[in-house]
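Here is a small set of exercises to work through with the model open beside you. Try each task before you read its solution.

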Amino acid sequence: MFLMNKKLYVISGSSGVGKGTVLKRFLERNPEFMLSISCTTREPRPGEIDGVNYFFLSRGEFKDCIENDKFLEWAEFAGNFYGTKKKYISKCLEQGKDIILEIDTQGALKVKNKMPEAVLIFICPPSYEVLENRLRGRHTEDEQTIKKRLCEAKIELERSKDFDYKIINDDLEAAIKSLENVINKERNDA
Ligand code: 5GP
């Protein structure tokens, strides 16, 4: 789809694995990377801002984007829709920026299908129990949502078999370092 030289990195991981924190710290240290802003139909969490964390769309608006082929990929996750706009990604790549997508595993595999040079990185928890504790501990979801997300976590782990790299987020600093190593390796190989 785009002329690219390993500039697109896709990061997935189970809900509650801490991938947001790993990424935030990675981006603070490596400001030359752009983080893609996705569209979603889920409600904003307290503190989330439209156009910063996500573009929050109604289901109707999201459906229009699907029908008009605006998405590079989209997926339904735990009852809501999430998608990456083609235009947003091509703009970043045109500016010569390395771009990171933080999306679910279904979306990641769709991106790899369209853009085989994309590098897929999966962030895993040290164990399922640790994941459950983290997800409950953040108090941002109700019980039903937590259960849905734990169920998705098992499916995501299964799909991660087709990823290029796996990073275990046991220790935050070590996980950030591993991510930097993976990306440096890919940049040097390019
Ligand atoms: P959350 O609701 O916790 O922000 O995100 C739920 C899941 O949706 C996470 O696994 C996140 O990576 C994924 N996600 C966020 N944006 C996108 C997107 O544009 N496409 C896809 N396929 N998944 C996304």
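**Exercise 1. Find which residues phenylalanine 26 touches, leaving aside neighbours within four places in sequence, and place it in the nonpolar packing.**

Solution. Start with the contacts in this predicted model: phenylalanine 26 meets Phe33, Ile100, Ile176, Leu179, Glu180 and Ile183. Next, look at the largest nonpolar core, which has 24 residues. Phe26 is among those with the most contacts inside that core, together with Ile11, Phe33, Ile100, Ile121, Leu179 and Ile183. Then ask where the core comes from: E1, helix H1 (19-29), E8, helix H5 (128-137), H6, E9 and H7 each give at least two residues. H7 provides the largest share, five residues. Finally, keep this core apart from a second, separate one of 17 residues, which includes Leu101, Ile103, Val111 and Phe122.

**Exercise 2. Work out the strand order of the open five-stranded sheet, and explain why one side of E2 and of E9 has no neighbour in the sheet.**

Solution. Reading across the sheet gives E2-E7-E1-E8-E9, with parallel pairing. Strand E2 (33-35) and strand E9 (165-168) are at the edges and have a single partner strand each, so one side of each lacks a neighbour in the sheet. From one strand to the next, the twist averages 25°. Now zoom in on one pair: E2 and strand E7 (residues 98-102) are joined in the parallel sense over three bridges, and phenylalanine 33 stands opposite aspartate 98 in E7.

To finish, add the helices. Helix H3 (residues 86-94) lies across strand E1 (8-13), E2 and E7, and runs at about 155° to E7. Helix H7 (residues 172-189) also packs on the sheet, touching E1, E2, E7, strand E8 (119-124) and E9. The direction of H7 makes about 160° with that of E9.

**Exercise 3. Decide what surrounds glutamate 152 and how far away the nearest side chain of opposite charge is.**

Solution. Glutamate 152 sits in helix H6 (residues 143-159). The residue is buried yet has no salt bridge. The nearest side chain of opposite charge, arginine 159, is 5.2 Å away, while a salt bridge requires a distance within 4 Å. Not counting residues up to four places away in sequence, glutamate 152 touches Phe77 and Ala78.

**Exercise 4. Say whether aspartate 69 and histidine 139 are buried or exposed, and describe their backbone.**

Solution. Most residues other than glycine have a negative phi. Aspartate 69, however, has a positive phi of about 55°, and histidine 139 has one of about 50°. Aspartate 69 lies in the loop between helix H2 (59-67) and strand E5 (71-77), and histidine 139 in the loop between H5 and H6. Aspartate 69 counts as exposed because its relative accessibility is 51%. Histidine 139, at 69%, counts as exposed too.

Terms used. Residues numbered from 1 in each chain as written. Predicted model: local features only at pLDDT ≥ 70, side-chain atom pairs only at ≥ 80, totals over all residues. Heavy atoms only, no water. Pairing = 2+ DSSP bridges. Helix = DSSP H or I, 4+ residues; strand = E, 2+ residues; numbered from the N terminus. Axes fitted to C-alpha atoms, helices over the stretch in contact; angles between N-to-C directions. Contact = heavy atoms within 4.5 Å. Buried < 20%, exposed > 50% of the residue type's maximum accessible area, 1.4 Å probe, protein only. Lys, Arg positive; Asp, Glu negative; His and termini not counted. Core = buried A, V, L, I, M, F, W, Y, C linked by side-chain atoms within 4.5 Å.
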